[in-house]
Amino acid sequence: MEPIRFRPPLYQQRYDFVKSYVDTYKPKKVADLGCSECSLLQRLKFWNCIEQLVGVDIDKDTLKRKMYTLTPLPTNYLEPLNRSLTVTLYHGSVCEKDPALLGFDLITCIELIEHLEADDLEKLQDVLFGFMAPNAAVISTPNVEFNVLLPENPRFRHPDHKFEWSRKEFQSWAMKVAGQYNYTVEFSGVGKPPPEYQDVGFCSQIGVFNKNYIENEESISKKKKYSSVYKTVLHVIYPSLQEEKYLRQTVLNVALSHAYRIKSNFLHNLFAEEDEKKTNRMDVENKSCIQSNWFSSLQTVQTNEESTCLQPFLEGDTIQVPLEILFAISRVKELCGSLDVLRNMLSGEVTLSSDGNTIVYPLENYDMIGAE
């Protein structure tokens with residue numbers, strides 16, 4: 001028998017299953033138990049619905065080695081996220097109760113339970129479904145029936161596995177747990193077998209658990225009184241447009257870059273007839289003469305209120321860029337929401353006209369061809 005090759009790889013299919021769930025149900029708070037190298041967390045941090053992302057693992061060294069993959073990059077400060085995002089990694093056992101994992105929308109256990117001894121598995125199910133009590137949980141584990149298709153037909157796929165269940169065994173355990181803690185469970189999987197071996201089922205079997213009740217405040221309050229046992233390895237808050245300082249910074253970057261471009265294009269179009277090659281050969285005396293003529297020509301350009309409301313214009317010795325032009329840019333409008341907010345953001349950062357309706361650029365900052 002030829003080796004089974006999964007496309008995409010099996011681990012990627014498991015992550016894609018979780019991402020598909022996130023796409024459908026939009027959970028805001030997500031935790032991964034047994035997160036190991038944080039591969040799933042790395043992928044989930046890009047989902048716009050997620051505002052809190054947590055990983056828990058017993059291997060502190062691995063968490064420290066991989067935590068850099070979850071820290072903000074310089075680009076995150078240049079382009080902050082639209083939503084708030086907090087990422088936390090905890091060193092600790094998934095079999096211990098810690099109030100840090102209360103109130104989550106989704107908790108995943110991807111290829112975790114098979115690494116636990118029977119006593120620890122029993123503790124985990126009570127911690128996960130009895131204490132953490134997320135709105136939903138996704139648990140994946142190997143399907144031992146698929147092993148006949150693997151090279152050398154191994155008893156266990158990994159030396160650390162304490163068991164590997166058949167579909168019947170996994171479903172029996174999951175149904176019992178669901179009934180005990182008032183959840184419903186649906187079964188699926190990833191890693192399809194070849195067509196001629198459909199009877200062995202998926203390579204990885206998956207149970208999706210959904211909570212059937214709303215927990216009362218008294219119960220939650222009691223749980224919050226538990227002592228924290230997890231040790232924080234990483235806690236980062238990503239730059240977000242929900243924070244005033246990052247919103248202002250982004251508005252300034254976007255609006256002023258457009259304003260500069262609009263002003264520069266206005267000058268370029270105004271003096272397009274200038275012979276650039278000839279200008280570059282001018283000596284200092286000729287340049288001074290032409291610069292005088294250039295400023296004179298600026299004064300001859302006439303504008304009126306109706307024609308300048310949505311275009312830059314000259315007024316005295318200034319170029320003025322109306323804020324309405326900037327607010328018409330979709331990204332600026334999305335960020336600010338109103339022209340007044342844009343005006344307040346720009347105030348104190350650039351020179352505005354007395355009525356606050358235009359950005360004012362003085363002409364003395366330009367040479368005779370209108371370039372800075």
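This passage describes the fold content, nonpolar cores, main pocket, cysteines and unusual backbone geometry of a predicted model.

The chain contains 14 helices and 11 strands. Of its 372 residues, 46% count as buried. Contacts across the sequence are a good place to start: among those with a separation of 6 or more, 73% join residues that lie 24 or more positions apart.

In soluble globular proteins, nonpolar side chains tend to be buried together. The largest nonpolar core here has 38 residues, and the members touching the most others are Val-18, Leu-44, Ile-50, Leu-53, Leu-89, Leu-106 and Val-138. Two helices, α1 (10–25) and α2 (39–44), each give two or more residues to this core, as do the strands β3 (86–91), β4 (106–110), β5 (136–142), β7 (204–211) and β8 (231–237). The top contributor is α1, with six residues. Val-18 offers a helpful view of the packing: beyond residues up to four places away in sequence, Val-18 touches Leu-40 and Leu-44, together with Leu-106, Thr-108, Ile-110 and Val-138. Another core, of 37 residues, lies apart from the one just described, and its members include Leu-101, Trp-173, Phe-209 and Tyr-230.

Attention turns next to the open space in the model. The largest pocket has a volume of about 780 Å³. Its lining is made up of 31 residues, with Gly-34, Ser-36, Ile-110, Glu-111 and His-115 lying nearest the centre. By residue class, the lining divides into 13 nonpolar, nine polar and nine charged residues. Both α1 and α2 supply at least two residues of this lining, and the largest share, three residues, comes from α1. Thus α1 recurs in this account, as it also gives the most residues to the largest core. Ile-110 recurs too, being one of the residues nearest the pocket centre and one of those touched by Val-18.

The cysteines can be treated briefly. A disulfide is a covalent bond between the sulfur atoms of two cysteines. The count of disulfides in the model comes to zero. For Cys-35, the nearest cysteine sulfur is that of Cys-38, 4.4 Å away, which is beyond the 2.5 Å cut-off for a disulfide. Cys-35 counts as buried because its relative accessibility is 5%, under the 20% limit. Cys-203 is likewise buried, with a relative accessible area of 3%.

Three backbone features deserve a closer look. Most residues other than glycine have a negative phi, and most peptide bonds are trans. The peptide bond from Arg-7 to Pro-8 is cis, with omega near -5°, and Pro-8 sits in the segment before α1. Lys-26, in the loop between α1 and β1 (29–33), has a positive phi, near 55°. At 48% relative accessibility, Lys-26 counts as partly exposed. Ser-36 also has a positive phi, of about 50°, although it is not a glycine. Ser-36 belongs to the loop between β1 and α2 and is partly exposed, with a relative accessible area of 36%.

Further along the chain, Leu-352 is found in the loop between α14 (339–346) and β11 (358–362). Leaving aside neighbours within four places in sequence, its contacts are Leu-323, Arg-343, Ser-347, Thr-358, Ile-359 and Val-360. Leu-352 and Gln-320, 32 residues apart in sequence, have C-alpha atoms 8.8 Å apart in space.

Key: Residues are numbered from 1 along each chain as its sequence is written. This is a predicted model: local features need pLDDT of at least 70, side-chain atom pairs count only at pLDDT 80 or more; totals for chains, interfaces and linings use all residues. Side-chain values use heavy atoms; hydrogens and water are left out. A nonpolar core is a set of buried Ala, Val, Leu, Ile, Met, Phe, Trp, Tyr and Cys residues joined through side-chain atoms within 4.5 Å. Buried means under 20% relative accessible area, exposed over 50%, partly exposed in between (1.4 Å probe, protein chains only). Helices (H or I, at least four residues) and strands (E, at least two) are DSSP runs, numbered from the N terminus. Contact means heavy atoms within 4.5 Å. On a 1 Å grid over the protein atoms alone, a cavity is a set of points where a 1.4 Å probe fits but cannot get out, and a pocket is an open set with protein on both sides within 12 Å along at least five of seven lines; lining residues have an atom within 4 Å of a point. Grid points are joined across faces, edges and corners, and a volume is the space filled by probe spheres set on the points. Ala, Val, Leu, Ile, Met, Phe, Trp, Tyr, Cys and Pro count as nonpolar, Asp, Glu, Lys and Arg as charged, and the others, Gly among them, as polar.
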